[in-house]
Amino acid sequence: MDNRQYKKNYNKASKKAKAIYREDNRKVTPGKILKYSFLVLLLSFVVAIGYQYRHGFLYYLGFKSNKRIEKLTKEERKIADLRIYEIVSRHKDKVFGFDVSEYQGDIDWGKVKEGNEDFAMKFVFVRATAGKDKSDKQFKDNWKQSGKKGFIRGAYHYYRPNENSIKQADNFIKTVSLKKGDLPPVLDIEKIPSKQSMDSLKTGLKRWLDRVETHYGVKPIIYSGESFYTDFLKKEFEGYTLWIANYSFFEEEIRKEWHFWQFTDKAAIEGIDGNVDVNIYNGDITALHTMKLQ
């Protein structure tokens, strides 16, 4: 057989082999069924795990944040207002309030009280302290003026995970004097510790809560982002009044287990420069009054 005939026969055999291979690959065999079934199950498992722990993934990846955006573009303002008014329209039977700290600067409390007709503000949470030694620069003025204007007011402490919990509780206690008609004290916890375990953090939170409850004679409120609370606090801190932050565009109504819902950090309120956190109380004004210190 010469080279040309050999090459010709080789090419024919090669084409035939390729055709058989393609045909064989088109056949559904038990092995292929098992292989594809396994892949489907694996994909389903990954999706299920992703959904189950979606809050934790979002938290660690940084898609959810409590960072403030001081200025919005016109388009961002329109989008923020669209969501705000949609949520307001769904909660006409609830009570609205806001929260402030030194980041809002000097507040015109008269305008805040009289100038927000679309959704009147009835309550306010004021930051009092942070960590073991910081007092909010605007706390005294915000506390005094909000009381004068008739707001139902509450004070909160921003918890620093890597600082001593008892010193943090004492910092809050020496700064805040609660009276009849005020809301219970609030513990704001948002961050994971960098110098201790989560178990140590939880122990510290419980110590803060117990010390503050003993001093004021009322169980504190816990504030946290939904992701943080769901992943780290839910099991160990049942029974506390919850104030949850969730700014998701797809979250449209307050959940029954949330007593307060901070649904935006981008509200525009007459009398306050920049963006403001706005909250919904999960009840009417009569129910809110029952929460106040007696």
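This is a short walk through one predicted model, from its strands to its aromatic rings.

Okay, some ground rules. Residues are numbered from 1 along each chain as its sequence is written, and side-chain values use heavy atoms, with hydrogens and water left out. Since the model is predicted, local features need pLDDT of at least 70 and side-chain atom pairs count only at pLDDT 80 or more, while totals for chains, interfaces and linings use all residues.

Let's start with strand 1, residues 95–100. Helices (H or I, at least four residues) and strands (E, at least two) are DSSP runs, numbered from the N terminus. How many of the residues of strand 1 are buried? It's 6 of 6. Buried here means under 20% relative accessible area, exposed means over 50%, and partly exposed is in between, with a 1.4 Å probe and protein chains only. Val95, Gly97 and Asp99 are on one side of the strand, Phe96, Phe98 and Val100 on the other, and both faces are covered.

So who sits beside strand 1? Two strands pair if DSSP finds at least two bridges between them. With strand 9, residues 276–281, strand 1 pairs in the antiparallel sense over 5 bridges. Look for valine 95 there: its bridge partner in strand 9 is tyrosine 281. Strand 1 also runs parallel to strand 2, residues 121–130, and 5 bridges join them. Here glycine 97 stands opposite phenylalanine 123.

Between strands 1 and 2 you'll find helix 5, residues 109–114, and the three make a right-handed β-α-β unit. Right-handed means that, with the strands pointing away from the viewer, the path from the first strand over the helix to the second runs clockwise. In the loop between strand 1 and helix 5 we meet isoleucine 107, which is buried at a relative accessible area of 10%. Isoleucine 107 is 39 residues from serine 146 in sequence, and their C-alpha atoms are 9.8 Å apart.

Serine 146 takes us to helix 6, residues 139–148, where the buried residues are Phe139, Asn142, Trp143 and Ser146. Why do we say they line one face of the helix? Because, looking down the axis, they fall within an arc of 100°, the arc being that of the directions from the helix axis to the C-beta atoms. As a reminder, an α-helix has 3.6 residues a turn, so residues three or four places apart point the same way. On the face of helix 6 turned away from the buried side, you get the exposed residues Lys140 and Lys148.

Next up is strand 4, residues 152–158. All 7 of its 7 residues are buried, so strand 4 is largely enclosed by the rest of the structure. One side has Ile152, Gly154, Tyr156 and Tyr158, the other has Arg153, Ala155 and His157. Strand 4 pairs with strand 2 in the parallel sense over 7 bridges, and with strand 5, residues 186–188, also in the parallel sense, over 3 bridges. Tyrosine 156 has valine 186 as its bridge partner in strand 5. To get from strand 4 to strand 5, the chain passes through helix 7, residues 165–175, in a right-handed β-α-β crossover.

Now the rings. The structure holds 18 aromatic pairs. Rings of Phe, Tyr and Trp (its six-membered ring) pair if their centres lie within 6.5 Å; planes under 30 degrees apart count as stacked, over 60 as edge-to-face and the rest as tilted. Take phenylalanine 237 and tyrosine 240: their centres are 6.4 Å apart and their planes at 50°, so this pair is tilted. Phenylalanine 237 is buried at 2% relative accessible area, and tyrosine 240 counts as buried at 13%.

Tyrosine 240 has a visitor too: the charged end of lysine 219 sits over its ring, 4.3 Å from the centre. The rule is that NZ of Lys or CZ of Arg must be within 6 Å of the ring centre and within 35 degrees of the ring normal. Lysine 113 does likewise over the face of phenylalanine 151, at 4.8 Å from the ring centre.

And a few residues from earlier come back here. Phe123, Tyr156 and Tyr281 are among the members of one aromatic cluster, along with Phe125, Tyr223, Trp243 and Phe260.
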